[in-house]
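Good morning, and thank you for coming. I would like to take you through one structure, a few places at a time. Please have the sequence and the model in view as I speak.

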Amino acid sequence: MDFIYEIIPDKKEVKLTGIDGECPKELHIPPYIEINNEEVKVTHVHFGSPLAKFYTKYGNGVTCEIIHIPETVKHISLGYNKHLKEVFLPNSMTKMGNSCFTYCENLKTVHLPKNLEAIGWNTFKGCRSVEEIFLPSTLQKIDFGCFMNCSSLVKITIPNGVKELGISFFENC
């Protein structure tokens, strides 16, 4: 198995965009990958989107069921991945970008960072298998549509420190 990647210009960083070869059931993303005999820091993991099927021969994104994201990663996009069931996010991540798990229909468990401050719009939209979410006390912002169409969501506690709640964040739950 090899990672498909893009080098981020002007930085010694890399964005992983897919996997070439068979994906294991449980994938531990490495914090560094070797490129031209040099270790390069992995800062972005973008395995999701309807276009991800072009990056792996197995279609509809990476076929791993469990993904562990390392502390070096700042940005993730795993949306539209029908195989994903569980994700471990690094505690170094303070913000979750927009739509990062959109329509991961079988995603059941997300281990959120302990230092998470903001969740972007439509982050869990259409994650119909998520039943409960444990939001950290550090959370301050939940953007619009965050949990929209999470039809199995039955348990969530909004921390007292949340200052901003976007519209429609529980629509169709």
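**A buried glutamate and other sites**

E13 has a relative accessible area of 10%, and it is therefore classed as buried, since the cut-off for that class is under 20%. I should say at once that the model before you is predicted.

Let us stay with this residue for a moment. E13 belongs to strand 2, which covers residues 13-20. What does E13 touch, leaving aside its neighbours within four places in sequence? Its contacts are I7, I8, V40, K41, T43, H44 and K74. With one of these, K74, there is a polar contact of 3.3 Å between the two side chains. For a sense of distance, please find P159, which is 146 residues from E13 along the chain. The C-alpha atoms of E13 and P159 are 34 Å apart.

I turn next to strand 4, residues 32-35. Its two faces differ: I33 and I35 make up the covered face, whereas Y32 and E34 lie on the uncovered one. Strand 4 pairs with strand 5, residues 38-46, in the antiparallel sense, and four bridges join them. Within this pairing, I35 has E38 of strand 5 as its bridge partner. The two strands form a hairpin with two residues between them. In that turn, N36 has a positive phi of about 50°.

The third site is S129. This serine sits in the loop that runs between strand 11 (118-119) and strand 12 (132-133). Which residues does S129 contact, once its neighbours within four places in sequence are set aside? They are E105, N106, L107, K108 and S152. For E105 we can be more specific: its backbone oxygen lies 2.6 Å from a polar atom of the S129 side chain.

Finally, I come to the empty space. Rolling a probe the size of a water molecule over the atoms reveals where such space is left. The largest pocket holds about 190 Å³. Its lining consists of K108, T109, V110, H111, L112, P113, E131, E132, F134 and P136. Which strand supplies the largest share of that lining? Strand 10, residues 109-111, does so, with three residues. By character, the lining residues comprise five nonpolar, two polar and three charged. You may notice that K108 appears twice in this talk, as a contact of S129 and as part of the pocket lining.

Notes
Residues numbered from 1 in each chain as written. Predicted model: local features only at pLDDT ≥ 70, side-chain atom pairs only at ≥ 80, totals over all residues. Heavy atoms only, no water. Polar contact = N/O pair within 3.5 Å; in protein donor to acceptor, adjacent residues only side chain to side chain. Contact = heavy atoms within 4.5 Å. Buried < 20%, exposed > 50% of the residue type's maximum accessible area, 1.4 Å probe, protein only. Pairing = 2+ DSSP bridges. 1 Å grid on protein atoms, 1.4 Å probe; cavity = no way out; pocket = protein on both sides within 12 Å on 5 of 7 lines; lining within 4 Å. Points joined across faces, edges and corners; volume = space filled by probe spheres on them. Nonpolar A, V, L, I, M, F, W, Y, C, P; charged D, E, K, R; others polar.
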